[in-house]
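Colleague: I would like a close look at a single part of this protein, followed by a connected account of how the rest of the chain relates to what we find there. Please take your time over the answer.

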Amino acid sequence: MLIGFVLLVSACGHDACDALPVSERIYPTLEACQQMADRIHQRRPNAVLLCGEVHR
């Protein structure tokens, strides 16, 4: 069961490695998660952020 989305940061850039959570917050929709990623990109343009599904 999908409960939301979490914002992740990739320490390896776009290479294949595990992404780490930015915070413990779970966003209810993909759009809400992406909006937060866009806000962070304004301050840290080189950060590789992605939204991942959270399942129960």
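Which residues make the nonpolar surface patch of about 300 Å²?

Modeller: This is a predicted model, and the patch in question is made by M1, I3 and I26, with an area of about 300 Å². Of these three residues, I26 can be placed in the loop between β2, which covers 19–21, and α1, which covers 30–43. I26 is partly exposed, because its relative accessible area is 40%, a value that lies between the 20% under which a residue is buried and the 50% over which a residue is exposed.

M1, another member of the patch, leads on to strand β3, since H55 touches both M1 and L2 when residues up to four places away in sequence are not counted. H55 itself has its place in strand β3, and from H55 to R25 the C-alpha to C-alpha distance is 14 Å, with their positions 30 residues apart in sequence.

Strand β3 also holds G52, which is buried, with a relative accessible area of 13%. With residues up to four places away in sequence again not counted, G52 touches G4, F5, V6 and L8, and these contacts can be set beside those that H55 makes with M1 and L2. The C-alpha atom of G52 is separated by 12 Å from that of E24, although the two residues are 28 residues apart along the chain.

A further residue of this strand brings in the disulfide, of which the structure holds one. This disulfide joins C33 to C51, with an S to S distance of 2.1 Å, and the pair links distant parts of the chain, with C33 in helix α1 and C51 in strand β3 (residues 49–55), 18 residues apart. The torsion about the S-S bond is about -105 degrees, so the disulfide of C33 and C51 is left-handed. C33 is buried, with a relative accessible area of 0%, and C51 is buried too, because its relative accessible area of 19% falls under the 20% cut-off.

A cysteine outside this pair can be considered next. C17 lies in the loop between β1 (2–10) and β2, and its relative accessibility of 30% means that C17 counts as partly exposed. Leaving aside neighbours within four places in sequence, C17 is in contact with S10 and C12.

The loop between α1 and β3, in turn, contains P45, which is exposed, with a relative accessible area of 56%. P45 and L7 are 38 residues apart in sequence, while their C-alpha atoms are 15 Å apart in space.

Finally, the confidence of the prediction should be kept in mind when these details are read. The mean pLDDT of the protein is 90, and 93% of its residues reach 70 or more. Among the elements of the protein, α1, the helix that holds C33, has the highest mean pLDDT, at 96, whereas β2 has the lowest, at 88. The loop that carries I26 runs between these two elements, and with I26 we return to the patch that this residue makes together with M1 and I3.

Methods
Residues are numbered from 1 along each chain as its sequence is written. This is a predicted model: local features need pLDDT of at least 70, side-chain atom pairs count only at pLDDT 80 or more; totals for chains, interfaces and linings use all residues. Side-chain values use heavy atoms; hydrogens and water are left out. Patches are made of residues with over 30% relative accessible area and no salt bridge: like charges are joined within 9 Å, nonpolar side chains (Val, Leu, Ile, Met, Phe, Trp, Tyr) within 5 Å. Accessible areas come from the Shrake-Rupley method with a 1.4 Å probe; for residues, only the protein chains shown count as cover. A salt bridge is a side-chain nitrogen of Lys or Arg within 4 Å of a carboxyl oxygen of Asp or Glu. Helices (H or I, at least four residues) and strands (E, at least two) are DSSP runs, numbered from the N terminus. Buried means under 20% relative accessible area, exposed over 50%, partly exposed in between (1.4 Å probe, protein chains only). pLDDT is the predictor's confidence in each residue, from 0 to 100. A disulfide is a pair of cysteine sulfur atoms within 2.5 Å. Contact means heavy atoms within 4.5 Å.
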